[in-house]
Amino acid sequence: MDKELHIDRKEIEELVLYTRRFFNDQRLASDVRSKGPADYVTQVDIQVQKWLKEKLEEKYPRIQFMGEEKDNSGLDFNRPVWIVDPVDGTTNLLHDYKQSAVSIGLWDGKRIGLGAVYLPFLNEFFWAVEGEGAFLNGSRIRVSNNKTLEASLIAIGTSPYYKENAERIFDMSRRIFMKCQDIRRGGSAAIDMVYVACGRLDGYFEMNLNPWDYSGAYLIVKEAGGMVAEFDGSPVQFHKKSHLIVSNGHIWHEMQKEICI
């Protein structure tokens, strides 16, 4: 991470942990509007983003802010950007299915230098700083050591905003299912990715992910020893949608073989 940014990691952690009170407010969670097919926003999304935007801009006024619930068209990715998903797993939140996360990645103008993912219902805080390892609630984490798809538990994403791709997505998922131990569908890219980072999952894949879906967890996976890349193996581009395969590093190419038939 660019040392000139002078980011206080503990300060970021305190800001993120504060957001738990918004998730625990049922009035906010039940205030819902639709943004499009299978795409919703609650007052939890709005209030978490408002809180983080105000505090981050106050403390780091030189860093731009990208958030799911705002217009991001004027951002300059040659300069630092906070990439924030206030609630990754909004549909889960609507159903009181307690698998939602707050996700923050810091793009320093060249790469992701800091990542944080907070699971408020489990009170689990994942974080990584470039070159310093990945951590869960202060304890260092590593990816699993499973070396074959056959021995692996894999999470799938169904890209619910793009149901026109359902046939392809479920065909890929079927092929993975037939080769792996079992599959899971959690409904949050950030959670699935940090679960790969800490070894609860061995791999995960999904199409049409937005930068705020994966930027917070990306560095956590990498610093934990995992691999994250586009379906074709190319590096992740943090300013656009991505089709990602995430793994413990051992099974990435085996996953790719089944996904990219």
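In this predicted model, Glu-258 and Lys-179 are joined by a side-chain salt bridge with an N to O distance of 2.9 Å. Glu-258 belongs to helix H9 (residues 252-259) and Lys-179 to helix H6 (residues 166-179), so the salt bridge ties together parts that lie 79 residues apart in sequence. The two partners differ in their surroundings: Glu-258 is buried, because its relative accessibility of 9% is under the 20% limit, whereas Lys-179, with a relative accessible area of 43%, is partly exposed.

**The H6 and H9 pair**

The helices that carry this salt bridge also pack against each other. The axes of H6 and H9 come within 8 Å, and the crossing angle is roughly 135 degrees. An angle of that value falls outside the ranges for parallel, perpendicular and antiparallel, the last of which starts over 145 degrees, so H6 and H9 count as oblique. The crossing of H6 and H9 is right-handed. On the H6 side the contact is made by Met-172, Arg-175, Ile-176 and Lys-179, and on the H9 side by Met-255, Glu-258 and Ile-259. Both partners of the salt bridge, Lys-179 and Glu-258, are thus among the contact residues. By class, the residues of the contact of H6 with H9 are four nonpolar, no polar and three charged.

Lys-257 is another residue of helix H9. At 61% relative accessibility Lys-257 counts as exposed, while Glu-258 counts as buried at 9%. The C-alpha atom of Lys-257 is separated by 9.8 Å from that of Arg-175, and the two residues are 82 positions apart along the chain.

**Other salt bridges**

Side chains of opposite charge can pair when their charged atoms come close. The whole structure holds 13 salt bridges according to the search. Three of them are listed here, including the one described above.

| Salt bridge | N to O distance | Relative accessible area |
|---|---|---|
| Glu-258 and Lys-179 | 2.9 Å | Glu-258 9%, Lys-179 43% |
| Arg-111 and Glu-130 | 2.9 Å | Arg-111 32%, Glu-130 30% |
| Lys-53 and Glu-57 | 3.0 Å | Lys-53 27%, Glu-57 32% |

The side chains of Arg-111 and Glu-130 form a salt bridge at 2.9 Å. This pair links distant parts of the chain, with the two positions 19 residues apart in numbering: Arg-111 sits in the loop between strand E5 (101-107) and strand E6 (112-119), and Glu-130 in the loop between strand E7 (124-129) and strand E8 (134-136). Arg-111 is partly exposed at 32%, and Glu-130 is partly exposed at 30%.

Lys-53 and Glu-57 form a salt bridge inside one helix: both lie in helix H4 (residues 43-59), four residues apart, which is about one turn of the helix. Their closest N and O atoms are 3.0 Å apart. Lys-53 is partly exposed with a relative accessible area of 27%, and Glu-57 is partly exposed with 32%.

A further set of charged residues forms a network: Arg-9, Lys-10 and Glu-13 are linked by salt bridges.

**The H7 and H8 pair**

Two packed helices are described by the angle between their axes and the distance between the axes. For helix H7 (residues 189-197) and helix H8 (residues 211-223), the angle is about 5 degrees and the axes are 8 Å apart. That angle is under 35 degrees, so H7 is roughly parallel to H8. H7 contributes Ala-189, Ala-190, Met-193, Val-194 and Ala-197 to the contact, and H8 contributes Asp-213, Tyr-214, Ala-217, Tyr-218, Ile-220 and Val-221. The contact of H7 with H8 has 10 nonpolar, no polar and one charged residues.

**Positive phi values**

Two loop residues have backbone angles to note. Asp-96 has phi near 55 degrees, a positive value in a residue other than glycine. Asp-96 is located in the loop between helix H5 (90-94) and E5, and is partly exposed with a relative accessible area of 46%.

Ser-159, also a residue other than glycine, has a positive phi near 45 degrees. The loop between strand E10 (153-156) and H6 holds Ser-159. With a relative accessibility of 4%, Ser-159 is under the 20% limit and therefore counts as buried.

Technical notes:
Residues numbered from 1 in each chain as written. Predicted model: local features only at pLDDT ≥ 70, side-chain atom pairs only at ≥ 80, totals over all residues. Heavy atoms only, no water. Salt bridge = Lys/Arg side-chain N within 4 Å of Asp/Glu carboxyl O. Buried < 20%, exposed > 50% of the residue type's maximum accessible area, 1.4 Å probe, protein only. Axes fitted to C-alpha atoms, helices over the stretch in contact; angles between N-to-C directions. Parallel < 35°, antiparallel > 145°, perpendicular 65-115°, else oblique. Left-handed = near helix turned anticlockwise from the far one by under 90°. Contact = heavy atoms within 4.5 Å. Nonpolar A, V, L, I, M, F, W, Y, C, P; charged D, E, K, R; others polar.
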